[in-house]
Amino acid sequence: MPVVVVESPAKAKTINKYLGDDYTVLASFGHVRDLPPKDGSVDTDADFAMKWEVASASKKHVKAIKDALASDPNLILATDPDREGEAISWHLREALASSLKKAQVSRVTFNAITKNAVTEAMANPREIDQPLVDAYLARRALDYLVGFNLSPVLWRKLPGAKSAGRVQSVALRIIVDREMEIEAFRAREYWSVHATLATPKGDEYRAQLVTYAGKKLERYDLANEEAARLAVKAVESRDLKVTSVASKPASRNPWPPFMTSTLQQEASRKLGLGARACMSAAQRLYEAGYITYMRTDGIDMAPEAVMAARDAIKARFGADYVPKSPRMYKNKAKNAQEAHECIRPTDMMLSPDKLNVEPEQRKLYDLIWKRTLASQMEAARMERTTVEIGSADGQVGLRATGQVMLFDGFLRVYDQGTDDDEGEDSARLPQIAQGEPAAKRAVVPEQHFTQPPPRYTEATLVKRMEELGIGRPSTYASIVTTIQDREYVRKDKNRLIPEDKGRLVTAFLVKYFPRYVSYDFTADLEGELDDISSGEREYREVLRRFWRDFTAALEGTSELRITEVLEAIDEALAPHLYPARADGGDPRECPLCGKGRLNLKTARSGGAFIGCNNYPECRYTRPISGAEGEAVGDTVLGLDPEGIEISLKTGRFGPYVQRGEATAEQPKPPRASIPKGWDAASMDLEKALMLLNLPREIGPHPEDGVMIEAGIGRYGPYVKHGPRYANLPEVDEVFTIGMNRAVEVLAAKPQRGRAAPAAALAELGEHPEGGPVQVLNGRFGPYVKWGKVNATLPRDMTPESVTMEQALELIAAKASKGGKKPAPKKAAKEPAKTAAKKPAAKKTAKTAEKAPAKTTTRKAAARKAAEG
């Protein structure tokens with residue numbers, strides 16, 4: 001039988017269902033080879049020769065494929081239909097080269113895992129697409145060269161930095177640039193005037209002032225409350241009437257079907273799914289055959305799918321909802337490849353309620369299904385009405401707008417989520433006639449402030465990367481995840497906020513490697529990779545040109561000292577670190593001592609802070625992302641009962657309270673960090689003493705008399721009874737929790753370690769080789785146990801009916817299958833024959849333990865550098 005190889009077991013299972021017993025379908029479990037995470041894996045002196053190795057976890061999968069090829073040398077590679085899928089097929093062919101001397105190797109692709117798509121693909125095999133593979137090789141080499149050469153520069157020149165990446169660092173810069181925009185933003189005040197008016201019949205409607213003093217009112221014309229009040233008086237002092245009523249037909253067309261980036265955006269907005277979770281759910285739906293391939297920047301749909309969608313719309317909603325001609329869509333994104341279809345259901349008639357999948361997958365499928373049908377539905381039709389109201393002298397004019405839905409069209413199925421309020425345009429208006437008076441019920445001013453640009457979410461970051469032409473559908477999720485894993489960015493209420501170390505890394509790269517974090521350069525390089533995939537460029541030439549310029553930039557940083565780097569970053573970030581003071585004074589003057597100057601300092605943790613250069617005489621510090629004066633230096637809060645000073649201080653890890661000062665006898669006086677959620681500015685002596693007196697004794701446990709304590713540790717607030725800890729939900733509870741509550745919290749905490757062994761359902765006796773044979777009940781049902789061998793009972797066998805003979809058969813079958821055969825317990829009583837050799841064995845073991853430790857450390861560091 002020909003051997004078909006795909007990436008995952010789920011995909012293999014679905015394809016095997018369509019191909020039947022005539023084929024052997026196996027999974028490679030993703031890439032089987034990768035570049036070793038060490039220097040020299042891409043040899044720049046040998047024209048970028050790449051040294052691949054089969055991953056240890058992949059060796060068994062490669063062996064399984066080799067064993068299958070022994071009986072049939074025909075190999076069919078059916079990995080995903082994109083650059084990455086082509087690369088996996090190429091790696092498999094190379095890794096299996098020794099078994100393919102007489103084999104026929106073919107490549108098949110399908111955009112959807114359906115019977116028709118798979119059958120058609122098998123009937124039309126092709127060769128591996130070498131230009132696609134070359135584009136993969138170029139991308140992999142570039143990512144390796146940047147990660148392996150730029151990350152060590154960061155480690156040496158910027159303590160605490162973890163890694164840099166060709167696209168990862170650009171994505172981080174997008175987030176940091178937005179944060180700096182927000183910090184530089186200065187809100188501007190403006191006012192508007194709204195009136196509640198009534199028709200002669202008494203029906204009320206709302207209108208906004210648009211003409212004032214005979215002139216069109218611009219956004220900032222009413223700059224303060226006084227100006228707004230004058231405008232209100234101008235409206236109130238005049239009689240108003242309706243000068244015109246205009247109704248115009250309008251329509252809204254549906255959005256195009258999903259591609260990767262828009263799917264991630266809507267899944268985030270409507271389902272609260274991050275990029276990784278969204279793609280994971282989509283992957284499962286694709287492998288099960290429910291949707292088309294989910295890594296795509298194409299929005300066109302196959303003609304047969306368009307017709308199927310139109311048939312489904314007609315069957316569900318009627319002919320009125322089907323437009324006269326199919327809708328066609330074209331991508332406007334920069335560098336869109338459009339190599340694949342949009343993301344759509346494989347069966348338009350399959351509604352979400354018919355899917356037997358996990359809830360998260362069903363919700364995502366529901367989103368895809370509705371968006372796809374809506375994209376081929378009739379436009380929504382409405383009537384928009386604009387009513388103009390004015391005074392006889394033309395000094396004031398107001399406008400009321402509203403709309404009426406005439407035909408819902410695609411909106412019956414789907415409306416794209418939005419964070420913006422549609423405002424008054426969506427309001428319904430009563431019957432209003434031209435020339436009728438407009439009675440004033442209320443005229444009110446409203447204050448507004450301009451808003452800074454919003455922080456990015458994972459979805460809007462992906463959208464921005466797509467607009468810039470940075471990254472590709474297959475890389476979005478991993479890029480967004482990597483910058484969070486590196487702790488360069490944190491997610492708070494679904495918004496991405498740069499950490500201090502992320503700001504420093506970005507400032508460093510912008511200062512010393514500006515070209516390689518440039519949006520245009522990165523997008524142009526993506527364009528070159530696309531040219532390679534289409535056969536228009538030679539990939540080694542792209543690598544040569546990149547490496548020539550990149551090595552020159554690396555050499556330019558070889559003599560840099562850490563102090564120079566900090567000074568350069570300090571200068572580059574000065575407008576944001578030291579904003580102008582209201583009194584016109586020097587922004588760098590220390591607000592605590594008035595003598596020292598503020599400058600940038602780094603912490604061992606990799607973060608950074610602003611500190612006074614008059615240290616240690618002055619201990620003023622504040623975070624680089626905080627406002628000036630947000631966290632101050634030493635502040636004496638008062639004296640404790642023994643007359644010792646209690647002070648509030650701010651260190652590199654944040655604010656804390658301290659009892660006394662460091663002396664030769666006591667170099668580390670008692671300290672306590674300010675808990676998360678507490679405001680350092682509101683700290684007083686009472687609160688400080690409460691923190692310094694932790695842990696707090698609650699009382700002896702009623703069962704054993706051991707003291708129960710409450711405190712705050714590295715994992716938050718807790719109660720403790722002997723060696724047992726239990727977390728508390730709130731910090732404040734540490735100071736108020738009583739005995740009953742403490743005992744309840746401790747009792748609810750599950751015991752660590754293994755649970756007590758379950759009682760045997762049956763004792764069958766001694767095994768011929770020693771040791772008891774038992775029947776037990778486990779989480780997966782009843783089983784027979786002997787030593788370390790656990791054999792599940794067949795479904796037709798009950799625990800009460802098992803005999804020793806049956807148990808021995810089950811144990812033997814399980815042991816031979818799993819390769820397990822425990823040593824009989826009697827053997828443990830035999831005297832050790834090699835006791836004299838034990839010291840030598842210990843020494844060897846000790847040496848063996850030490851030797852790989854350095855290698856592991858080096859590999860871990862190298863792997864960290866190569867990622868990104």
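Start with the open sheet: select β29, β30, β31 and β32, four strands that sit in that order with antiparallel pairing. Keep in mind as you click around that this is a predicted model. Colour the two edge strands, β29 (762-766) and β32 (789-792): each has a single partner strand, so one side of each is left without a neighbour in the sheet. Look along the sheet and you can see the twist, with neighbouring strands turned by 25° against each other on average, ignoring direction.

Now zoom in on β30 (residues 772-778) and β31 (residues 781-786). How many bridges join these antiparallel strands? Five bridges join β30 to β31. Two spots to label: N777 has P782 in β31 as its bridge partner, and Q774 has K785, also in β31.

Step across to the other side of β31, where four bridges join this strand to β32, again antiparallel. Show V784 and you'll find A791 in β32 as its bridge partner. Then pick G787 in the hairpin of β31 and β32, which has two residues between the strands; G787 takes a positive phi near 60°.

Next stop, the aromatics. The structure holds 21 aromatic pairs. Select W255 and Y414: the ring centres are 6.4 Å apart and the planes stand at 80°, so this pair is edge-to-face. The two residues come from distant parts of the chain, 159 residues apart, with W255 in the loop between β12 (240-252) and α8 (260-271) and Y414 in the loop between β14 (396-407) and β15 (439-449). Turn on a surface here: W255 is partly exposed at 24% relative accessibility, while Y414 is buried with a relative accessible area of 4%.

Another one to pull up is Y290 with Y365, an edge-to-face pair at 6.4 Å centre to centre and 70° between the planes. This pair also links distant parts of the chain: Y290 is in the loop between α9 (275-287) and α10 (303-317), and Y365 is in helix α11 (residues 359-375), 75 residues apart. Which of the two labels, buried or partly exposed, fits Y290? With a relative accessible area of 22%, Y290 is partly exposed, since the buried label needs a value under 20%. Y365, at 0% relative accessibility, counts as buried.

For a bigger selection, show F508, Y512, F513, Y516, F521, F546, W547 and F550 as sticks; they form one aromatic cluster.

Then look for charges over rings. Select R178 and Y456: the charged end of R178 sits over the Y456 ring, 4.3 Å from its centre. R188 and Y220 give you another case, with the charged end of R188 over the ring of Y220, 3.7 Å from its centre.

Switch back to cartoon for a helix pair, α6 (residues 168-184) and α12 (residues 458-468). Their axes are 11 Å apart and they pack at an angle of about 115°. What does that make them? Roughly perpendicular to each other, therefore. The crossing of α6 and α12 is right-handed.

Last stop: K215, in strand β11 (residues 215-216). Is K215 buried or exposed? With a relative accessible area of 61%, K215 is exposed. Draw a distance from the C-alpha atom of K215 to that of G394 and you should get 9.0 Å, although the two residues are 179 residues apart along the chain.

Conventions: Residues are numbered from 1 along each chain as its sequence is written. This is a predicted model: local features need pLDDT of at least 70, side-chain atom pairs count only at pLDDT 80 or more; totals for chains, interfaces and linings use all residues. Side-chain values use heavy atoms; hydrogens and water are left out. Two strands pair if DSSP finds at least two bridges between them. Axes are lines fitted to C-alpha atoms, for helices over the stretch in contact, and angles run from 0 to 180 degrees between N-to-C directions. Rings of Phe, Tyr and Trp (its six-membered ring) pair if their centres lie within 6.5 Å; planes under 30 degrees apart count as stacked, over 60 as edge-to-face and the rest as tilted. Buried means under 20% relative accessible area, exposed over 50%, partly exposed in between (1.4 Å probe, protein chains only). A charge sits over a ring if NZ of Lys or CZ of Arg is within 6 Å of the ring centre and within 35 degrees of the ring normal. Angles under 35 degrees count as roughly parallel, over 145 as roughly antiparallel, 65 to 115 as roughly perpendicular and the rest as oblique. A crossing is left-handed if the near helix is turned anticlockwise from the far one by less than a right angle, and right-handed if clockwise.
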